[in-house]
Amino acid sequence: MSKLRFSKRDTKDFSLKEWMDGTDDPMVTGDIGMKPQRIRKDDFQTVMKHMRDYEEVERHLYDSDKNMGVRIFNKLYKISSIIFTMLLIGVLLYVVSYLPPVGNASNPDNNVVAQRYIENGLEETGAVNIVSGMILTYRAFDTFGETNVLFIATCCVMIMLMLEEKALKEQEETEQNHRFEPQNDQILRFAARVLCPVILVFGIYIILNGHISPGGGFSGGAILGAGMCLYANAMGFSRIGKWFNENVYKIAKISALCMYGLIGSYFYITGANGIENHIPLGIPGHILSSGIILPINIAVGIEVACTMYAFYALFRRGGL
Amino acid sequence: MSAITYILMFALIACAISVSFSRNLLNSILIYMGFSLIMSVIWIILESPDLAITEAAVGAGITSLLFFITLKNIRAMKGDEENE
C-alpha cells in the first residue's frame with residue numbers, strides 16, 4: 001500500500017527544484033545552509049594567562065641588550081630596506097628614461113589598429129564617443145569577459161559573506177552591528193533625499209548617453225551603485241528592500257548578463273562569418289543609434305550597479 | 001602644462017607619501033579618497049572625461065566605502081575601542 005501513496009516529494013522534478021533552491025544537495029546529507037561563524041569563548045583567566053605568556057616571550061625574544069642577533073638583524077634590516085628601495089627607484093627611473101617621447105609619430109602605439117579605430121570608427125560603429133564604440137563593438141568579447149568577472153566576483157563574495165535569512169533577522173533585532181552608528185540621522189536623511197534622485201538620474205543619463213557623450217555602462221553603473229549605497233545608508237536597509245531586494249537583484253543581474261550574451265553572440269557570429277547583421281546603425285548623434293552599443297551599455301550598467309550595491313550590502317550586514 | 005596641473009601633481013605626491021606615514025587607518029582612507037579626487041581632476045585636464053567619471057565614482061566613492069565598512073567590521077576604528 002505504501003507504494004501507492006505517491007507524493008510530489010519523490011519526483012525527479014521536485015529534487016531538481018530543491019537542488020536549484022539550495023535546500024538539498026545530492027552530494028551532502030543533511031542541512032547545507034550557511035551558518036554564521038561561532039564566536040569563541042574563553043574564560044577571563046585563560047585569556048590573561050595567554051597574554052602574559054605572550055608578553056614574556058616577546059620581552060625575552062626582542063630584548064636588544066641581551067640578544068646580539070636581534071641587534072644586528074635590526075640594523076641590517078634598516079640598511080637593506082633603504083638600499084633595496086633606492087635600487088628599485090633607480091631601476092624604474094632608468095627604464096623611464098628609455099621610454100619614447102610622448103606624441104612621437106614613430107611610437108609603437110601609433111599602429112594600424114589605432115589608425116583604423118580613429119578613421120573608420122564613426123562609420124563602422126555609429127558611435128560619436130569613440131571609446132564606447134571601440135570597447136563595445138571591436139572589443140565586445142573582452143568586455144563580455146569583464147562583465148562575467150564582475151558576476152563571478154559577487155558570487156564569491158556572496159558565498160563567503162552571505163548569512164542565512166534567520167541569522168539576518170536575528171542580527172537586525174539585536175542591532176548588534178549598528179551600535180556606533182547614528183540612527184535616523186536627520187542631516188544625512190535630508191541630504192540623501194535631495195541628492196539621491198539627482199545621482200540616480202545622472203547615472204541613468206550616463207548609461208543611456210554612453211555612445212554620444214563621455215561615459216558608458218561602467219561609469220554610469222558605478223554612479224548608480226554609489227547612489228544606491230547612499231540611499232541605503234540614509235534610509236536603512238528595510239526601506240531600500242522595498243524596491244531592491246534579493247529577488248530583484250537576481251533577476252536584474254542574470255537577465256542583464258544573458259542580454260549581453262545574446263546580443264553579443266549574434267554580433268560575434270555574424271561578424272566572424274562575414275554575414276550581414278541586421279542591426280541598423282542609425283544617424284550618429286541620435287539616442288537610438290549605433291547598433292548594439294546602446295543595449296549593451298544598458299546591460300553593463302545594470303550589472304555594474306548591482307555589483308557595487310551587492311558588495312556594499314554584503315560587507316555591511318551579510319545580506320542584500 | 002599650466003600652473004594648476006603642477007599644483008595638482010604636487011598634491012598627488014604629497015597624498016601618496018602621507019598615506020604611508022599616517023598611523024591612523026581612518027586618516028589613511030580619507031587621504032586615499034583625496035588622492036582619487038585629485039586624480040579625477042587630473043584626468044579631466046588630460047582630456048579623458050570617461051576616466052574622470054569612473055575614478056570619481058569608483059575610486060573616491062565605492063572603494064573608500066568598502067574600506068570604511070571593513071575597518072568597522074574588524075573594529076579598527078577609534079570610536080569602537082573607546083566604547084568597548
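Student: What does the secondary structure of chain B come to, in helices and strands?

Tutor: A good first step is to count the elements, bearing in mind that this is a predicted model. Chain B comes to four helices and zero strands, and along its sequence the pattern reads α-α-α-α.

Student: How many helices and strands does chain A have?

Tutor: For chain A the count is 12 helices, again with zero strands. Of its 320 residues, 23% count as buried, and residues 24 or more positions apart account for 72% of those contacts in chain A that have a separation of 6 or more.

Student: What radius of gyration does chain B have, and what would a compact globule of 84 residues have?

Tutor: The idea is to set the chain beside a reference: a compact globule of 84 residues would have a radius of gyration near 12 Å, but chain B has 15 Å. Taken along the principal axes, the C-alpha atoms of chain B fill a box of roughly 50 × 25 × 15 Å. Buried residues make up 19% of chain B, and among its contacts with a separation of 6 or more, 41% come from residues 24 or more positions apart.

Student: Which residues of helix H6 of chain A are buried?

Tutor: Let us begin with the span of this helix, residues 140–161 of chain A: at 1.5 Å a residue, its 22 residues should cover 32 Å, and the end C-alpha atoms are indeed 32 Å apart, which agrees. The buried residues of H6(A) are Ala140(A), Thr143(A), Phe144(A), Thr147(A), Leu150(A) and Thr154(A). Seen down the helix axis, these buried residues fall within an arc of 115°, so they line one face of H6(A).

Student: What do the buried residues of H6(A) pack against, and which residues are exposed on its other side?

Tutor: The buried residues of H6(A) pack against helix H5 (130–138), helix H11 (246–272) and helix H12 (293–317) of chain A. The exposed residues on the other side of H6(A) include Phe141(A), Asp142(A), Val149(A), Ile152(A) and Met160(A).

Student: How many residues of chain B are in contact with chain A?

Tutor: To read an interface, one counts the residues on each side and then asks which elements supply them. Here 15 residues of chain B are in contact with 18 residues of chain A. On the side of chain B that touches chain A, helix H3 (49–73) and helix H4 (78–83) of chain B each supply at least two residues, and the largest share, 12 residues, comes from H3(B). By class, that side of chain B has eight nonpolar, five polar and two charged residues.

Methods: Residues are numbered from 1 along each chain as its sequence is written. Chains are lettered from A and ligands numbered from 1 in the order in which they are written. This is a predicted model: local features need pLDDT of at least 70, side-chain atom pairs count only at pLDDT 80 or more; totals for chains, interfaces and linings use all residues. Two residues are in contact if their C-beta atoms, placed from the backbone, lie within 7 Å. Ala, Val, Leu, Ile, Met, Phe, Trp, Tyr, Cys and Pro count as nonpolar, Asp, Glu, Lys and Arg as charged, and the others, Gly among them, as polar. The expected span of a helix is 1.5 Å times one less than its number of residues. A residue is buried if 20 or more other C-beta atoms lie within 10 Å of its own, exposed if 12 or fewer, and partly exposed in between; C-beta atoms are placed from the backbone. The arc is that of the directions from the helix axis to the C-beta atoms. The radius of gyration is taken over C-alpha atoms; the globule rule is 2.2 Å times the number of residues to the power 0.38.
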